[in-house]
Amino acid sequence: GCCGSDEKTYVVGGWAWAWWCISDTQRITLEIMTLQPKCEDVETAEGVAITVTGVAQVNPHSLFNVDLVNLCTN
């Protein structure tokens with residue numbers, strides 16, 4: 001944001017313009033992404049320590065019905 005502002009703007013499609021010296025811009029690709037989450041040393045309800053890994057393929061283009069702010073911040 002501008003001068004320390006926390007305001008965020010989300011642009012879907014089209015184009016956007018930003019001052020290069022005072023703006024922080026980020027892009028997310030609309031291609032299929034492979035995520036590999038890993039949770040280390042978490043405990044089950046019985047108190048057993050485990051490590052869990054997973055693989056997921058996500059297509060952000062098909063997620064446009066999801067709240068855009070939640071998609072970008074989580």
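How many salt bridges does the structure hold? One. By salt bridge I mean a side-chain nitrogen of Lys or Arg within 4 Å of a carboxyl oxygen of Asp or Glu. Here the partners are Lys 38 and Glu 40, at 3.3 Å, N to O.

Some ground rules. This is a predicted model, where local features need pLDDT of at least 70 and side-chain atom pairs count only at pLDDT 80 or more, while totals for chains, interfaces and linings use all residues. Residues are numbered from 1 along each chain as its sequence is written, and side-chain values use heavy atoms, with hydrogens and water left out.

Now confidence. pLDDT is the predictor's confidence in each residue, from 0 to 100. The protein's mean is 77, and 72% of its residues reach 70 or more. Among the elements, strand β3, residues 49-53, has the highest mean, 95. Helix α1, residues 68-73, has the lowest, 64. Where pLDDT is low, the predicted coordinates should not be read in detail.

Next, the layout. We have one helix and four strands. From the N terminus the order is β-β-β-β-α. These are DSSP runs, numbered from the N terminus: helices are H or I with at least four residues, strands are E with at least two.

How much of the protein is buried? Of its 74 residues, 1%. Buried means under 20% relative accessible area, exposed over 50%, and partly exposed in between, with a 1.4 Å probe and protein chains only. Back to the salt bridge: Glu 40 counts as exposed because its relative accessibility is 51%.

On to the surface. The accessible total is about 6900 Å², and carbon and sulfur atoms hold 53% of that. Areas come from the Shrake-Rupley method with a 1.4 Å probe; for residues, only the protein chains shown count as cover. Trp 15, Trp 17, Trp 19 and Ile 22 make a nonpolar patch of about 590 Å². Patch residues have over 30% relative accessible area and no salt bridge; nonpolar side chains (Val, Leu, Ile, Met, Phe, Trp, Tyr) are joined within 5 Å, like charges within 9 Å. Ile 22 sits in the segment before β1 (33-35). It is partly exposed, at 35%.

Last, Leu 35, in strand β1. What does it touch beyond its neighbours within four places in sequence? Gly 54, Val 55, Ala 56 and Val 58. Contact means heavy atoms within 4.5 Å. Leu 35 and Gly 54 are 19 residues apart in sequence, yet 8.0 Å apart in space, C-alpha to C-alpha. Leu 35 is partly exposed, because its relative accessible area is 41%.
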